[in-house]
Amino acid sequence: MRIDTRICCSTKARKAGENQQEFNWTCGVEPAMNKTKGEVMNHVLTKLQDVQNSQRALIEKMASIQIELFDQPDAALEKAVESALGSISLAADELNPAVETYEKKVNAENPSLGMA
């Protein structure tokens, strides 16, 4: 299954001249105009933490698959799983420090939200 990332890439959508309302509708994003800056930042942080949890789950599942392949070897599948696991781990390693920094920023700017 291939995930189409073209419709939810804000940079590409804005560069293409797509208006914000159409972009929000396409990506299922609630318009931020009725939210405070703190609420938007907290919403972004929550989504980033969800991505981290998803990455963690993927890493655990891929590692489990690697172990199960010891009993039923398949060289091509083992190679693909190893490659995917490396990519997912690298993405997590790159994202985690950025999320931690953003979380500190959110908490510093919005202590009343009480996030994390």
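Which residue caps the N-terminal end of α4? In this predicted model, the cap is Asp 74, with a side-chain oxygen placed 3.2 Å from the backbone nitrogen of Ala 76. The helix that begins there is a useful point of entry to the structure.

The protein as a whole contains 4 helices and 0 strands, and its elements follow one another as α-α-α-α from the N terminus. Of its 116 residues, 19% are buried. The exposed surface comes to about 8900 Å², of which carbon and sulfur atoms supply 56%. Among contacts with a separation of 6 or more, 61% join residues that are 24 or more positions apart.

Helix α4 covers residues 75-109, and its 35 residues should span 51 Å at 1.5 Å a residue; the C-alpha atoms at its ends are 51 Å apart, so expectation and model agree. The helix nevertheless bends by about 25 degrees at Leu 95, with a proline, Pro 97, following within four residues. Leu 95 is also one of the buried residues of α4, a set that further includes Val 81, Leu 85, Ile 88, Ala 92, Val 99, Glu 103 and Val 106. An α-helix has 3.6 residues a turn, so residues three or four places apart point the same way. The buried residues of α4 pack against α3, which comprises residues 37-68.

Helix α3 can be examined in the same manner. Its 32 residues reach 47 Å from the first C-alpha to the last, close to the 46 Å expected at 1.5 Å a residue. The buried positions in α3 are Gly 38, Met 41, Asn 42, Leu 45, Gln 49, Gln 52, Gln 55 and Met 62. These buried residues pack against α4 in turn.

A charged pair also connects the two helices. Side chains of opposite charge can pair when their charged atoms come close. The structure holds 1 salt bridge, formed by Lys 37 and Glu 109, whose closest N and O atoms are 3.3 Å apart. Because Lys 37 lies in helix α3 and Glu 109 in helix α4, the pair ties together parts that are 72 residues apart in sequence. How accessible are the two partners? Lys 37 is exposed, with a relative accessible area of 58%, whereas Glu 109 counts as partly exposed at 39% relative accessibility.

Notes:
Residues numbered from 1 in each chain as written. Predicted model: local features only at pLDDT ≥ 70, side-chain atom pairs only at ≥ 80, totals over all residues. Heavy atoms only, no water. Helix = DSSP H or I, 4+ residues; strand = E, 2+ residues; numbered from the N terminus. Expected span 1.5 Å × (residues − 1). Bend = angle between axes of the 7 residues up to and from the residue. Buried < 20%, exposed > 50% of the residue type's maximum accessible area, 1.4 Å probe, protein only. Contact = heavy atoms within 4.5 Å. Polar contact = N/O pair within 3.5 Å; in protein donor to acceptor, adjacent residues only side chain to side chain. Salt bridge = Lys/Arg side-chain N within 4 Å of Asp/Glu carboxyl O. Areas by Shrake-Rupley, 256 points an atom, 1.4 Å probe, with all protein chains shown as cover.
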